Amino acid sequence: MIAAGTFNPPSIDWFALSPLLVLLGGGLVLLVAAALTPQWPKHLYAWSTVAIGLAALATTFVQWHDISKDGAKTLVGGALSYDHLALFGTITICIGLCLAALVTDDFLRREGMEGPEVYGLFLMAAVGAVVMVMSNDLIVLFLGLETLSIALYVLAASNRRRVESQEAGIKYFVLGGFSSAFFLYGIALIYGATGSTNFTTILAAFDSVPVHRRDAFALVGVGLMLVGLGFKVSAAPFHFWSPDVYQGAPTPITAFMASVGKTAAFAAMLRVLIIALPNWKDDWRPVIWVIAVLTLLVGSISAVVQTNVKRMLAYSSISHAGFILLGVEAAGHAGASGAGGMPGTMMYLMIYSVLVIGTFAVVTVVGRTGDAATDLGSFRGLSKQQPLLAMALTVFLLAQAGVPLTSGFIAKVGVIKAVVDEHSYALAIIAMVSAVIAAFLYLRIMVNVWLADPETGDDTREPVRVPLSTGIAIALCAGFTLYVGFNPGWLIDASDMVTNVARPLTGG
Amino acid sequence: MSAIATLASAEAATSNFPVLTALVLVPAVGALIIATMSKRRPEWVKLTAILISVFVGALSVWMLASFKTGSSDFQMVSKHEWIKTWGISWHLGVDGISLFLVVLTGVLFPLAIIGVDPHHDEKPYLAWLLLLEAGVMGSFLSLDLFLFFVFFEIVLVPMYFLIGGWGYDKRIYAATKFFLYTMIGSAFMLVGIIATVLLAKGAVGHITFDLVELATKSNFAASTGRWLFFAFAIAFAVKVPMFPLHTWLPDAHTQAPTAGSVVLAGVMLKLGTYGFLRFGLYLFPQAARNSREIFLTLAVIGILYGAIAATMQKDLKRLVAYSSIAHLGFIVLGTFAMTSQSVTGGVMQMINHGVSTGALFLLVGMIYERRHTREISALKGLQKVAPVFAAVFTIVMLSSIGVPGLNGFVGEFLVLIGSFLTARWWTVVAASGVILAALYLLWAYQRVFHGEPDDDNKTFAELHWKEGMVLLPFLAAIVFCGVYPKPMIDRIQPSVKALISHISDKTGYVEPQPELHSGETQTEVVQP
């Protein structure tokens, strides 16, 4: 479109980009500084990562009020959006980053792998994730997706001493590359149909070009993009990678993938479907419905027969993805406004991110040196050894099961309310019933923690120890889970604002 | 926690003492206190638990004393915003239907705590029991659908741990079964609650989970109302439990520790029958009327099935568990017969069943403590060696059978005469359940207590005075309510009548006469 010689660089609102810049700059500085200096003292790598994450978080809070006051807009020539949806996603990502870094701190020292690399990759992945939640252009979205994914591939394989970790990395890389290809092909076809990759133009193309709703390019493009996104959020039937990768990857990395990875992918899904492609909603909504049902059932039913806790939690994470898809489905009914579904989806993501990091933090601690003791038996008698840790794990598991007075219940009510408001009763019922099936799995873990005695010969095993940083992370996660359970009003109000998106046609 | 704590303090400043809020929060805070105490001094832990539960019991009795008789309104209401955006508030209130259930809860817990020794890990056991009490209290007092659901669901957690941690051999299986069964019912109810609120938004004018506002202002189409009612009904039917959703109950009861069984039978099952009255009939009167045949039939099947199954049991505790299914069938029958006698009788039966079955479970627990078996065939001739124990057991058993002069009779009789007016043939069949109750209980008594004691039964210890003190309140309630039920009826009936007239207003239902006037005694009622 741009004629040679008349290139006008877009004006850049640096303030609006500040979380991104803080994370990117922080990551680069951390890597360079750490490469040039000898080994840093204990905790320092992790805590500087946390500091960077908190700095980014602080900027988002300033921006939140800025948007409330001045309204949402698009940035960098319409490539990125600056709105509450993006900020809510960014906040979730920063929280996930800080908590995961705290858990990783002790993990790396225990496994004898301390170094700045993992934190650098965390920060790069977070940059990719933030680009995804802010994106207002398919190409930019793809850039974010790849930045996140490549960092995650390396992270999954980062434990060089465990062959499972290597396997997880390769598996994730091959399948992830495959799904990226699908997504990219989808972008190409959408571009073919609408003449643009920008969400604003894609939306407008429906009226102005005009693109027929039955246009084959567009329909296939939507389908291929759903495959790509479905893979990233590990929705059935694109979920097969996730149990293997979740189980094989080092446990804190799994926590990071399940929180930050999922948040970015779902926020991107909302952006693509609700903001760019609402005109095809009658075509993609039934697909989301079917995928949601499949995901819920596959996740909860497969989880029941597992014996490894990491694998169980991987399937439970699939089942949670099904719940989040409920929110996407509900948002689809409302179309471009996305009134009901989007707040529910984003609130679920924030609550789930904290929950899943808390849960995996406990699993990290119980995994003991070598990160291998993650079968159900390793949790036997945990309440006798570490009553507080057992209590925290119980809070996380009850919250994942959706028991009231925990954040998990509020999350579930949020999405159920959204679908019921759109009269999708069948979906709501299926979701709640599958939550009961999934509850069986959490009960199985709790039985081992509280009601079973340690296995015979267990005294030879290394005792479970809770190190400082991980302890802080677990306490923060448990505190958040209970606090939101008792007093959820502020989070509901905040998430209600995410429908205030940068309207494609108002941006510049 | 802080949100609710500030609510409580705000309330104290603005009104009289918020007794209902205290009834919920004191045991909850008590559980927290116990959880933080040192387990090296179990006697202090136990004393604290007893003091807290006795204090709650005293509060509930004080609440009973300050309850205004003759009024059908919700009393001692406390209402504070909780989640404003979703129209959810901390809304508690008590009326004739919930009054005695609350008192029963308040009184039953200290007795269960004092009367039963968990044998190990006392501290978490007591903390869970107090948390359970808070949940049960909250369920009976909530006037907000969301708040009710929170309490209704939260009681599962302490009960799960009580059964799983302090139960008998197959406790983990039973606890898991209990949790999942109840949760699947709740799954439907949660969707039902949210759908009710959203569908009523137009008629009510704004989004609210407030029960009274929804019941008075909402107006559902017949088919919508039916689906919503069924969504609630599944949760309550599991909880009651009604045939064919009852299979969790025998396992849960048999495996639960004694205090768990007492609480489960005494008050937790009533969450189901109470739910039918408070949320089923009140919110969806038309749907409840339209589907009454289904529930009447299931209730009668439950009465007969529970009785027949109880007859065949080899385990004394399992027998009592099945008898609960039969007794709760009467309550459901009374509820769906929808006359003021039958519903009043149902409410009374909830209390009576709680008292007599609670006492039966305590007694069976005492037998187990002595003999380490509950097999009926292993027990023989206990009457010879423990006559006082046998006498107490007899009174409780007769109350459970429904012998005139004891409390069981009053409720059952009111249910039957009330139901006869609107559900004649169901009542006729149900009446045979009364005879069956005599059959299985007397037969069991005969096998356990009569004859010459053999082997270990010879050394069966007589009732200890401490056990006697725990059982004494039960016996007093059994006799008092059987001889002089008027004070209870006077308090229950206005609310029941208000509920029936609410149904009449909404559906054009005309309650058949004769009516029971609050001044009359039950003997006068027999002659219409």
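Q: Does Met338(B) count as buried or exposed?
A: This is a predicted model, in which local features need pLDDT of at least 70 and side-chain atom pairs count only at pLDDT 80 or more, whereas totals for chains, interfaces and linings use all residues. Residues are numbered from 1 along each chain as its sequence is written, while chains are lettered from A and ligands numbered from 1 in the order in which they are written. A residue is buried if 20 or more other C-beta atoms, placed from the backbone, lie within 10 Å of its own, exposed if 12 or fewer do, and partly exposed in between. Because Met338(B) has 26 C-beta neighbours inside 10 Å, Met338(B) counts as buried.

Q: What is the phi of Ser234(A)?
A: Most residues other than glycine have a negative phi. Ser234(A) lies in the loop between α8 and α9 of chain A, helices being DSSP runs of H or I with at least four residues, numbered from the N terminus. Ser234(A) is buried, with 27 other C-beta atoms within 10 Å, and its phi is positive, near 50°.

Q: To which residue does a cis peptide bond join Ala236(A)?
A: Most peptide bonds are trans. Here omega is about 0°, and the partner lies in the loop between α8 (216-232) and α9 (241-248) of chain A. That partner is Pro237(A).

Q: Which helix gives the most to the largest nonpolar core?
A: A nonpolar core is a set of buried Ala, Val, Leu, Ile, Met, Phe, Trp, Tyr and Cys residues joined through C-beta atoms within 7 Å. The largest such core has 406 residues, and those with the most contacts inside it (C-beta atoms, placed from the backbone, within 7 Å) include Phe122(A) and Leu333(B). With 19 residues, the helix that gives the most to this core is α17 (residues 425-451) of chain A.

Q: How many of the 15 residues of α15(A) are buried?
A: The expected span of a helix is 1.5 Å times one less than its number of residues, so the 15 residues of helix α15 (residues 387-401) of chain A should span 21 Å, which agrees with the 21 Å between its end C-alpha atoms. Among the buried residues of α15(A) are Leu389(A), Phe396(A) and Gln400(A). Helix α15(A) is largely enclosed by the rest of the structure, because the number of its residues that are buried is 12.

Key: Helices (H or I, at least four residues) and strands (E, at least two) are DSSP runs, numbered from the N terminus.
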